[in-house]
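The following note sets out points on the fold, the core and the ligand site. Please read them beside the sequence and the coordinates.

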Amino acid sequence: MRNLLEKPSTLRFPYERMEPVERMRAKVSWQIDKCIGCSLCVKVCPSAAIKLIGRGRKAEIEYNVGRCIFCGECVEICPTQTIFTTKEYELTFTRTRQMVTRFRRTKKKRKASSKK
Ligand code: SF4
Ligand code: SF4
């Protein structure tokens, strides 16, 4: 009887959304300019979701969220805190290639010339 009088515990998604809980594990992301190309994240990833393209401080990352199991191992092992967990958990794609993100380094801005 009490359950009949209570509000339903389910939400009317997508009109109602749940607030992500603190410390939830969802999609991971990279602040790629901090990456040193050590490849530890590639080695530790149990589902081969990460590819390192290039070497050293010029290396870039390709991340396949379709393979990711959101274990957070890459976040834990990264020595430069380049990888972080986001709160993105609504992951819907219509093409498999949309699941792959390439993290590219930003080009360094040239110093403005002070000559006049
Ligand atoms: S969270 Fe886990 S599965 Fe996903 S990319 Fe990182 S190590 Fe791989
Ligand atoms: S573990 Fe961190 S520093 Fe090493 S390659 Fe991965 S993102 Fe770059």
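1. The protein has three helices and five strands, in the order α-β-α-β-β-α-β-β from the N terminus. Helices (H or I, at least four residues) and strands (E, at least two) are DSSP runs, numbered from the N terminus. With a radius of gyration of 20 Å, well over the 13 Å that the globule rule gives for 116 residues, the protein is more spread out than a compact globule. The radius is taken over C-alpha atoms, and the rule is 2.2 Å times the number of residues to the power 0.38.

2. This is a predicted model, in which local features need pLDDT of at least 70 and side-chain atom pairs count only at pLDDT 80 or more, while totals for chains, interfaces and linings use all residues. Residues are numbered from 1 along each chain as its sequence is written, and chains are lettered from A and ligands numbered from 1 in the order in which they are written.

3. Buried residues (20 or more other C-beta atoms within 10 Å of their own, C-beta atoms being placed from the backbone) make up 12% of the 116.

4. The largest nonpolar core (buried Ala, Val, Leu, Ile, Met, Phe, Trp, Tyr and Cys residues joined through C-beta atoms within 7 Å) has 13 residues; Cys 41, Cys 45, Ala 49, Ile 50, Ile 61, Cys 74 and Ile 83 touch the most other members. Two or more residues of this core come from each of β1 (28-30) and β3 (60-64).

5. Around ligand 1 there are 14 residues, with Cys 45, Ala 49, Cys 68, Cys 71 and Cys 74 the closest; a residue is near if its C-beta atom, placed from the backbone, lies within 6 Å.
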